[in-house]
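Reader: I'm new to reading structures with several chains. Could you walk me through this one?

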Amino acid sequence: MNYKTLGKFLTYKFIRLVILIIAVSIISFLLIDLSPIDPVRAYIGEMAVSAEQIAKLQAYWGVNEPLISKITNWVGNILQGDLGTSLIYRTPVVDVISERFTASLTLMFTSWVISGVLGFTLGTLAGMYRGTWIDKTVKGYCYILLAAPTFWIALLFLMVFSVYLGWFPTGLGVPVGKLAADVTIWEWLVRLILPAITLSLLGVAQIAMFTRDKLINVLSSDFVVFAKSRGESGWNLIKRHGIRNILLPAITLQFLSFSELFGGAVLVEQVFSYPGIGQAAVAAGLKSDVPLLLGIVLFSTIFVFCGNAIADLIYKFVDPRIKEGESYEQ
Amino acid sequence: MQEKLLEVSNISISFLQYSAGLRQSNLKVISDLTLDISSGEIVAVLGSSGSGKSLLAHSILGILPSNASLSGKMTYLGKDLNQKRKEKIRGDEIALIPQSVNYLDPLMKVSNQVIGECENEEDKKSKLLKQREIFEKYGLSKEVDDMYPFQLSGGMARRVLVSTALISNPKLVIADEPTPGLDEKSVEETLNHLRQMAQDNVGVLLITHDIDAALSVADKIAIFYAGYVIEIANVEDFSGNGENLIHPYTKALYNALPQTDFKLTTGHQPLHGELPPGCPYFERCDNPTEKCSNNLPILTEISDKKVRCYRANEFKNNNVAIKEESSDELHHTDEIGSFEELNYSEKLDYIEEKDSSKEAGV
Amino acid sequence: MNSEKYKRFAFKKMNLRTKTLLIISLTALLLLAIVINSFFIDTSSITTNFPLRNMGPSLEHLFGTDWMGRDMFTRTMKGLGLSIQVGAFASIISTIIAVVLGLLSSMNKYIDLFVNWLIDLFSSIPHLLLIILISICLGGGAFGVIVGVGLTHWTSLARVLRAEIKQINTSEYVKLSKNLGKSKLWIARKHLLPLILTQIVIGTILIFPHAIMHEASVTFLGFGLSPHEPAIGVILSESMKYLATGSWWLAFFPGLSLLIIVLLFDLIGDNLQKILDPTNAHE
């Protein structure tokens, strides 16, 4: 691989990320500034707070200053890594996010892998047996799952597996009265299973449909027709020419789905009370915890950006046509 | 020693298509096609580009698209060639040389594609050796082995495609448009490969729109017109003034060549789906009969060739001359494909232009 | 192929285009009926009626009743009508933004770069969070959700239009018109608009299901329509409190109805695409 091109690519992506962070900070700050919420008053609430603390808060938010300097003040804070203090948790936003994000990443990663593998397999089967009952079942499943509201599926699962069958507790957070650190792996796993399955079932639909259509496309291409004319057939043909040509686009698509994955996680965590970043975001929004909400917006943006950048990277550096093509041009 | 390899009789291929609005219609692309090939023989099917000749190749190999329907009979080595048998012998006894690099998997290295699917490691090793041998013969260096199809030049791609057919020692090779887009030297080289195969007692079916290529390598030439084979002539008949050719279209075609009279005929081939009820050449024929307009002539044997024309016997004996035309329209006729490659409206424009220039000339 | 077998079934005998048209008109009619119906629903059946509390589905109350004795079927129908209306407004906003940005990007290189960046920016923030932010900014309620959903769903259509316009602009006939001295406006009206109109129609309909779903999600989380509105999101978030009591019908039927509505829109969009987009012809 050409390390120089890779370095250039990464530098370019990094610059774009910085610009993106600044732009997102400005936009989200503006939106909050326009809203009826006052971050200082929301933080103080009904507490008794010393005049000193109020002054500190006002300085952080740039109260009584013109909008422009408020924004520059805020963006400056962020670039220095100071995201403020969470209203709900009364700890620095960075700490809340890092703890919550770890929990969410476990959930998202698990379902991302499951949905990817399952979706690709189902899509390949459907494409291979186009028009048969296998294809129709997979297609029907995908259509319904794509149209199903995430939180409704989560509700149904909760009803069936927790309420009716009693396999899982209804509140899936950490058991009450236990410190997060004391939770055993087993208890934690039990709480992960249902949300992860819900989230993966929804992810399956998109990747399966994509894989199916792509495989059908490839199977009707000239080079597969030629391979058939040379006596190749069945699973070997699919393996040699089909999978080879659809695996990369499918992986790329899976990386491009981080935005939907995150949205799905927010809803699923809310229904299952899973202590992740999504649940924190909803709580922050409902309770006007401005610094936490803005912090989560920023982190989720970086998360989605990374997915897109990896997809780009795969496209540019793994596909031999693009990879070699570029070096040939120079 | 010659043995009959493939006999194709009365093959028709049609497609189900939407014509206008909600109506579906059957589009006939190949009608009532008959021909045969023996080992060591090169038979060319000559027709204009985009006329559906390639479908003949696909039908022999059983790889027609699913919305195509095929009727007629094929035999291979005297036994019925049905879909099951096609699937069994394709790539083994019958090999295809496809028309473009698009027929290679874009993500697979060339050497792996040429050897195709292997049963085991040993099989793979021996095939790789053979592939190297063939590449050596065709002047493809060792670097080519590890290239991807998009890295091949036009000439290299053609040689790679020819190699794919040789790896399995086929008895019959179908070459689908092997010459377009190549420079003169590469064309000659490709045709030499085909000649070499015929010398090795392989039967070659050459599907082409390049009349020069067909005349230079083929033993027999089947002329394809509007989905019909209208004449199957021996290559020796294309000589002199074409007096041994029978069908008026074949004669016109021959006389349009630069090295002969360079004469141009008027009109265009009927498009698919607009076939007349009678002889497909009726509109353009200079000596049609009443019968020709409503009844389709069948391909009949006359001495050692086959012709689809009611007046074949007269034409054969009397050699009715074709109408002559002014010679200032020569520039349109370098190859028969050129006119049919135009789209419909362009064709109309072209015909009008011809008509007006004729008037001006007179 | 096997025509004998199909002769008995009139529907199967139809070719794909006739079938597609039939599906489109039937679904469109059904959706329209739901919206119109929701305006004229008799509100007496959704007033509190304690004797009829927490009843399971029956012939009289198809979807059962809730803890205040309200008929769930009526509430759901009302909610669906609301969802479709919100979806319609949001889709229209999205389409307008997409068309304006798509056309702007064809003006010059710098605007095009900016539009491209804007598309990237909006697709980088998870939609759900952005809708929540916008909704909070506008003080919640129907207005907040509509604008929030509208402002986030234009990216895919804008991308399609941008590519389409670029392709048309480099085509031979547009070049010819330019050489003939036609104005940009003339070219836009005569060549661009008719061609991108199909994309716009399909695009708008394909935005619809996403818009409805996101509205319901945001409302479910508590940021969208107010708890007093009979929205599907509100109904489902209320039902969560009664899950443990086994009142499964409170969540099951309203969600299923939403799923069916979204499915119907997907169906219209896909089928319309089949007819209008020539790449899918001849099956």
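Reader: How many residues do chain C and chain A each bring to their contact?

Author: Before we count, keep in mind that this is a predicted model. Two residues count as touching if their C-beta atoms, placed from the backbone, lie within 7 Å. On that basis, chain C brings 35 residues and chain A brings 38 residues.

Reader: Which element gives the most to the side of chain C that touches chain A?

Author: Let's start with the elements that give two or more residues to this side: α5 (109–124), α6 (127–137), α10 (184–221), α11 (232–241) and α12 (249–276) of chain C. The top giver supplies eight residues, and that is α6(C).

Reader: And how do the residues on that side of chain C divide into nonpolar, polar and charged?

Author: Here we sort the residues of chain C that touch chain A by type. Just one is charged and eight are polar. The nonpolar ones number 26.

Reader: What about chain A and chain B: which element of chain A gives the largest share there?

Author: This contact takes 18 residues from chain A and 21 residues from chain B. On the chain A side, α9 (222–229), α10 (234–256) and α14 (320–329) each give two or more. The largest share is six residues, and it comes from α9(A).

Reader: How many residues on that side of chain A are charged?

Author: Sorting the residues of chain A that touch chain B, we get four nonpolar and six polar. The charged ones come to eight.

Reader: Inside chain A, which element gives the largest share of the side of domain 1 that touches domain 2?

Author: Chain A is assigned domain 1 (3–79) and domain 2 (93–323). Where they meet, 15 residues of domain 1 are in contact with eleven residues of domain 2. Two helices, α1 (3–34) and α2 (39–44) of chain A, give two or more residues to the domain 1 side. The largest share, eleven residues, comes from α1(A).

Reader: Which are the edge strands of the open sheet in chain B?

Author: Eight strands line up there as β6-β7-β8-β3-β9-β10-β12-β11, with mixed pairing. An edge strand pairs on one side only, and in chain B that fits β6 (94–97) and β11 (300–302).

Reader: Which residue stands opposite B:Thr300?

Author: Look at how β11(B) is joined to β12 (residues 305–307) of chain B: three bridges link them, and they run antiparallel. Across from B:Thr300, in β12(B), stands B:Val307.

Notes. Residues are numbered from 1 along each chain as its sequence is written. Chains are lettered from A and ligands numbered from 1 in the order in which they are written. This is a predicted model: local features need pLDDT of at least 70, side-chain atom pairs count only at pLDDT 80 or more; totals for chains, interfaces and linings use all residues. Helices (H or I, at least four residues) and strands (E, at least two) are DSSP runs, numbered from the N terminus. Ala, Val, Leu, Ile, Met, Phe, Trp, Tyr, Cys and Pro count as nonpolar, Asp, Glu, Lys and Arg as charged, and the others, Gly among them, as polar. Domain bounds come from an automatic or database domain assignment. Two strands pair if DSSP finds at least two bridges between them.
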